[in-house]
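Work through the exercises below with the model open beside you. Try each task before reading its solution.

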Number of protein chains: 2
Amino acid sequence: MTPNKEDFIKAIYELGGEEEVVSNKSLVQRLSISAASVTDMNTRLLKEDLITHIPYQGVKLTEKGLRIANQLKRKHRIWEVFLAEKLGYDWNEVHADADLLEHASSDLLIERLNVFLEEPTFDPHGGVIPNKDGTIPEIKSTPLIECEVGEHFKIKEVDDQQDFLEYLLQKQVSLGKEYKLVASEPYDGPLTLESLSGEQTIIGHKAAHKILVEKV
Amino acid sequence: MTPNKEDFIKAIYELGGEEEVVSNKSLVQRLSISAASVTDMNTRLLKEDLITHIPYQGVKLTEKGLRIANQLKRKHRIWEVFLAEKLGYDWNEVHADADLLEHASSDLLIERLNVFLEEPTFDPHGGVIPNKDGTIPEIKSTPLIECEVGEHFKIKEVDDQQDFLEYLLQKQVSLGKEYKLVASEPYDGPLTLESLSGEQTIIGHKAAHKILVEKV
DNA sequence: TTTGTTTTTTAGTCTATACTAAAAATATAT
DNA sequence: ATATATTTTTAGTATAGACTAAAAAACAAA
């Protein structure tokens, strides 16, 4: 497995290759390589049983390919957590360096880094971190940021940083409380929540990443 | 610059290519590649002005090559500090992962990591960390671990971790005090110091890494 | 100094990854 | 349905990095 193959598999995954067939054209655009190079890489990955290929239609990940894609995603997201939490990267800065690091990380390194970071469940964007074996953890609760306007939910888990907890206290947001999401501004804008008693609370999008809810 | 070229330059450096001509043979052994591959790589690095080459004798780093070698060493050693201090790697475990990571580190990442680690001067083995621009910092003080038996020295700087400071206090080792190194056991064994008043103190090799001294 | 050994270089191959240009297959539109 | 446009594949080429085998140069030793 080389960095290039890894990137290719990741690209297929991100274009929906877990379920549907992904066209050469979309891979050409995603990876900025020629169509011929995509065909080349397809035949190589096919030989390794990482994808299935329907000529003139596209490729799909095999079980093996999917497992690798998820393990890469695990590495990527654990690095993102590190970059954001420990090195002070902004959420939009983490991606490029995580992309480099994920290809240079032994399993041992990732597991130790994971422990150092206290086994995070989500990356800085709120994405779920896959398990070591490439499976996706059963998430009963979803980040508030992923809720749609109009949905009702219950607060299940919040980030446990001191200042964030104080912020929530001040906003009177507490575990178990039920809300309805009444508005969510685009471009990482604020969310408006309405409690059962009709009071409205406005919180920022970063906060909405740190709050896990269960839809009711 | 590719990881292979980087490793090649590092190998030349480690074999003394800053000053003397390094033979193909030594590079063959160091990198476990064929003699023909060494010649190939030499011609490539020559084209980029990273080395000078005397046919049938060997190669030497140019100024440019040396700067790159030191910047790589900087990356390598900063990662070693991270692996040892933050992820709990043993001193002998850090090398392999640092070797991978050093090729996947943007300058930005290394500088932020350096700040996170509080700008260490030495790696876990006591090696000096080169400056960002590829120069070697002027070290007035040397780690105690690098002293030879019989030398006299003065304590200049010690690691400032709470428990280590308590340990030193208990051993009555303090800044400015003068000692003579009277014994140093091999295989990371303990060091025996003798103060001016003739008292002997025995400290472990790890502690000797954390103590900087000036020879007198 | 002549012979034998070691080291380096050259020549030719191989694989991974890219490319362009052209051919083949598929999709679209009148 | 036939012409046109798009997408995919094939064919041929390039570069980085590796190899083996053989030639050339340098070194060592009797």
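The exercises that follow concern a predicted model, and each comes with a worked solution.

**Exercise 1. Symmetry of the two chains**

Determine which rotation superposes chain A on chain B, and name the relation.

Solution.
- Step 1. Chain A is superposed on chain B by a rotation of 180 degrees, with 0.1 Å of shift along the axis.
- Step 2. The RMSD of this superposition is 0.4 Å.
- Step 3. This is the relation of a two-fold axis.

**Exercise 2. The contact between the chains**

Find how many residues each chain gives to the contact, and which elements of chain A give two or more residues to its side.

Solution.
- Step 1. Chain A contributes 13 residues and chain B contributes 13 residues.
- Step 2. On the side of chain A that touches chain B, α5 (94–101) and α6 (107–116) of chain A each give two or more residues.
- Step 3. α6(A) gives the most to that side, with four residues.
- Step 4. By class, the side of chain A that touches chain B has seven nonpolar, three polar and three charged residues.
- Step 5. Of the interface residues of chain A, 100% are also interface residues in chain B, so the copies meet through the same surface.

**Exercise 3. Packing of α2(B) and α3(B)**

Classify the packing of helix α2 (residues 24–31) and helix α3 (residues 35–47) of chain B, and list the residues that make the contact.

Solution.
- Step 1. The two helices pack at an angle of about 110 degrees.
- Step 2. Their axes are 9 Å apart.
- Step 3. Angles of 65 to 115 degrees count as roughly perpendicular. α2(B) and α3(B) are therefore roughly perpendicular to each other.
- Step 4. α2(B) makes the contact with Asn24(B), Leu27(B) and Val28(B), and α3(B) makes it with Ala35(B), Val38(B) and Thr39(B).
- Step 5. The contact residues divide into four nonpolar, two polar and no charged.

**Exercise 4. Surroundings of the DNA strands**

For DNA strand C, state how many residues surround it and which element supplies the largest share of the surface near it. Then do the analysis for DNA strand D.

Solution for DNA strand C.
- Step 1. DNA strand C is surrounded by 21 residues. The closest are Ser34(A), Ala36(A), Ser37(A), Asn24(B) and Lys25(B).
- Step 2. At least two residues of this surface come from each of α1 (3–14) and α3 (35–47) of chain A and α2 and α3 of chain B.
- Step 3. α3(A) supplies the largest share, five residues.
- Step 4. By class, the surface near DNA strand C has eight nonpolar, nine polar and four charged residues.

Solution for DNA strand D.
- Step 1. DNA strand D is surrounded by 21 residues. Asn24(A), Lys25(A), Thr2(B), Ser34(B) and Ala36(B) are the closest.
- Step 2. Two or more residues of the surface come from each of α2 (24–31) and α3 of chain A and α1 (3–14) and α3 of chain B.
- Step 3. α3(B) gives the most, with five residues.
- Step 4. The surface near DNA strand D divides into eight nonpolar, nine polar and four charged residues.

**Exercise 5. The sheet of chain A**

Give the strand order of the open sheet in chain A and explain why one side of each edge strand lacks a neighbour.

Solution.
- Step 1. Six strands form the sheet of chain A, in the order β3-β8-β4-β5-β6-β7, with antiparallel pairing.
- Step 2. β3 (142–143) and β7 (200–203) of chain A are at the edges, each with a single partner strand, so one side of each has no neighbour in the sheet.
- Step 3. At the β7(A) edge, four bridges join β6 (residues 191–195) to β7(A). There Glu194(A) stands opposite Gln200(A).
- Step 4. Three bridges join β4 (residues 152–158) to β5 (residues 178–184) of chain A. Lys154(A) has Glu178(A) as its bridge partner.
- Step 5. β4(A) is also joined to β8 (residues 211–215) of chain A, by five bridges. In this pair Glu157(A) is partnered by Leu212(A).

**Exercise 6. Register in the sheet of chain B**

Find which residue of β8(B) stands opposite Thr142(B), and which stands opposite Glu157(B).

Solution.
- Step 1. The open sheet of chain B has the order β3-β8-β4-β5-β6-β7.
- Step 2. Two bridges join β3 (residues 142–143) to β8 (residues 211–215) of chain B, running antiparallel. Thr142(B) stands opposite Val213(B).
- Step 3. Five bridges join β4 (residues 152–158) of chain B to β8(B), again antiparallel. Glu157(B) stands opposite Leu212(B).

Note on methods
Residues numbered from 1 in each chain as written. Chains lettered and ligands numbered in written order. Predicted model: local features only at pLDDT ≥ 70, side-chain atom pairs only at ≥ 80, totals over all residues. Axes fitted to C-alpha atoms, helices over the stretch in contact; angles between N-to-C directions. Parallel < 35°, antiparallel > 145°, perpendicular 65-115°, else oblique. Contact = placed C-beta atoms within 7 Å. Nonpolar A, V, L, I, M, F, W, Y, C, P; charged D, E, K, R; others polar. Near = placed C-beta within 6 Å. Pairing = 2+ DSSP bridges. Least-squares fit on C-alpha atoms with pLDDT ≥ 70 in both.
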